[in-house]
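Work through the exercises below with the sequence and the model at hand, and try each task before reading its solution.

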Amino acid sequence: MICDNLSVNEKNHLTLAGVDTVEMAKKYGTPLMLLDEGKIREKCTVYRTAMQKYFTPDSMPLYASKALSFKYIYKIAASENIGIDCVSAGEIYTAHKAGFPLERAYFHGNSKTDDEIRFAISHGVGHFVCDSVEEVAAVNEIAGELSAKQKILLRITPGIDPHTHKKISTGSVDSKFGVAIETNQAYELVKGTLALPNIELTGFHCHIGSQIFEYDPFCDAARIMIKFIADIKTMYGYEASTLNLGGGMAVRYTEDDPEIDYEANIKGISEIVHSLCGEFGVKMPQILMEPGRSIVADAGMTLYTAGYLKEITGLKNYISIDGGMTDNPRFTLYQSPYTVLLANRMNEPCDYKCTVAGRCCESGDIIQEDVMMPKPARHDTIAVLTTGAYNYAMASHYNKVPKPAVVMIKDGEDFTVIKRETYESMISNEL
């Protein structure tokens, strides 16, 4: 199994955190997302303790909530004493309604509206991560209107290519995110920001991409950013107290993916950062990181009910399911690999090749191609593993398909954290 929270019980059913997934499908219906709270908390603990141990005592992870945003996840983050990274006023509002202390929230995004800026400042969001000269000016102006002084980090583009999928690579010079060092615009941005009366610049942020298996690219980014901090200190007499190295550590989606030791990665990065601070003559800053996928992905699983088997003689076999790109668009967008299992027949040989096809009227609505499994039959339970990140978060109402329920598993007990949408609730805003 690709994750240690998966197993097979005496009924030859797939289990998640010790709970029978086939019984969950019967109890709650499908499509259904299951989440293992213990695994989420375990990952939070790994990041928090490693960062405090190897960096500075005030260093911490910020859960990148774009991966999966709902009230209960913010309650977990609050109780685990970590911060959060939000990319919209909607995520901030959800965290606020969950009781999350917003002074530990960092507001990202390359196109914040005036209303969102005003909302975040008035609700006490601790930091903005500002993406451009014009955004810094807008935050300064609105903070002045609200008689506030807003703490910010500046998002800097380090010019790193981590060799990940181009759609999830964010650190190159021509990225839509951040301001580039290579063009010297980052230096001018810092100079202008330091002169603004309603802004408190606390440090810098960078993010190089997502689903990165090696930790060397993070070390490369750290070298560029520590040198940038030293250069800014020399040029303007300002020394950053915080460096946010972003997120992007990968997770295993298939057996072919390597296992990742997150603590070892953090330790390795810390050794480089400590060395660089000595080399460039700057103080060790507070280090922030933004794990999202690596916090929730392998805590999640999506269950479907098999529909119709279609065999195209000599060419291809399809098994349809009762979900698809409406609850998991990642194969359609990125050709993302997944592990797919027949949850109710785990003891049978995987000797049948078929493509798992979604229900939408799109030929590209595929969950995974050429999966080896026992020959599926109608009403079988099909499990797609590692769906905790960027699945429900990217779900849509395309073809007027309601969004699935999300059920949390904690200490062997199961409970709903997001209700299944009904047709009525889906059209509740329509006039």
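**Exercise 1: a shared pocket**

Helices α2 and α9 each supply at least two residues of the lining of the second largest pocket, where helices (H or I, at least four residues) and strands (E, at least two) are DSSP runs numbered from the N terminus. Residues are numbered from 1 along each chain as its sequence is written, and side-chain values use heavy atoms, with hydrogens and water left out. This is a predicted model, in which local features need pLDDT of at least 70 and side-chain atom pairs count only at pLDDT 80 or more, while totals for chains, interfaces and linings use all residues.

Task: describe the lining of the second largest pocket and find which helix gives the most to it.

Solution. Begin with the space itself, which is about 320 Å³ in the second largest pocket. Next, take the 16 lining residues, of which Cys3, Lys43, Ile260, Tyr262 and Asp298 lie nearest the centre of the pocket. Sorted by kind, the lining holds eight nonpolar residues, no polar ones and eight charged ones. Finally, α2 gives the most to this lining, with four residues.

**Exercise 2: α2 against α9**

Task: work out how α2 and α9 pack, and which residues make the contact.

Solution. Two packed helices are described by the angle between their axes and the distance between the axes. For α2 (residues 37-54) and α9 (residues 262-280), the angle is about 25 degrees and the axes are 9 Å apart. The pair is therefore roughly parallel, a term for angles under 35 degrees. The crossing of α2 and α9 is right-handed. In the contact (heavy atoms within 4.5 Å), α2 places Lys43, Val46, Tyr47, Ala50, Met51, Lys53 and Tyr54 against Tyr262, Glu263, Ile266, Lys267, Ser270 and His274 of α9. These residues divide into seven nonpolar, two polar and four charged.

**Exercise 3: α2 against α3**

Task: describe in the same steps how α2 packs with α3.

Solution. Helix α3 covers residues 71-79, and the angle between α2 and α3 is about 40 degrees, with axes 10 Å apart. That makes α2 oblique to α3. The crossing of α2 and α3 is again right-handed. Glu37, Ile40 and Arg41 of α2 meet Tyr72, Ile73, Ile76 and Ser79 of α3, and the residues of this contact divide into four nonpolar, one polar and two charged.

**Exercise 4: two backbone details**

Task: find which residues are joined by a cis peptide bond, and where Asn12 is found.

Solution. The cis bond joins Thr30 and Pro31, with omega about -10 degrees, and Pro31 is found in the loop between α1 (21-28) and β4 (32-36). Asn12 is found in the loop between β1 (6-8) and β2 (14-16), and Asn12 has a positive phi of about 65 degrees although it is not a glycine.

Methods. Axes are lines fitted to C-alpha atoms, for helices over the stretch in contact, and angles run from 0 to 180 degrees between N-to-C directions. Angles under 35 degrees count as roughly parallel, over 145 as roughly antiparallel, 65 to 115 as roughly perpendicular and the rest as oblique. A crossing is left-handed if the near helix is turned anticlockwise from the far one by less than a right angle, and right-handed if clockwise. Ala, Val, Leu, Ile, Met, Phe, Trp, Tyr, Cys and Pro count as nonpolar, Asp, Glu, Lys and Arg as charged, and the others, Gly among them, as polar. On a 1 Å grid over the protein atoms alone, a cavity is a set of points where a 1.4 Å probe fits but cannot get out, and a pocket is an open set with protein on both sides within 12 Å along at least five of seven lines; lining residues have an atom within 4 Å of a point. Grid points are joined across faces, edges and corners, and a volume is the space filled by probe spheres set on the points.
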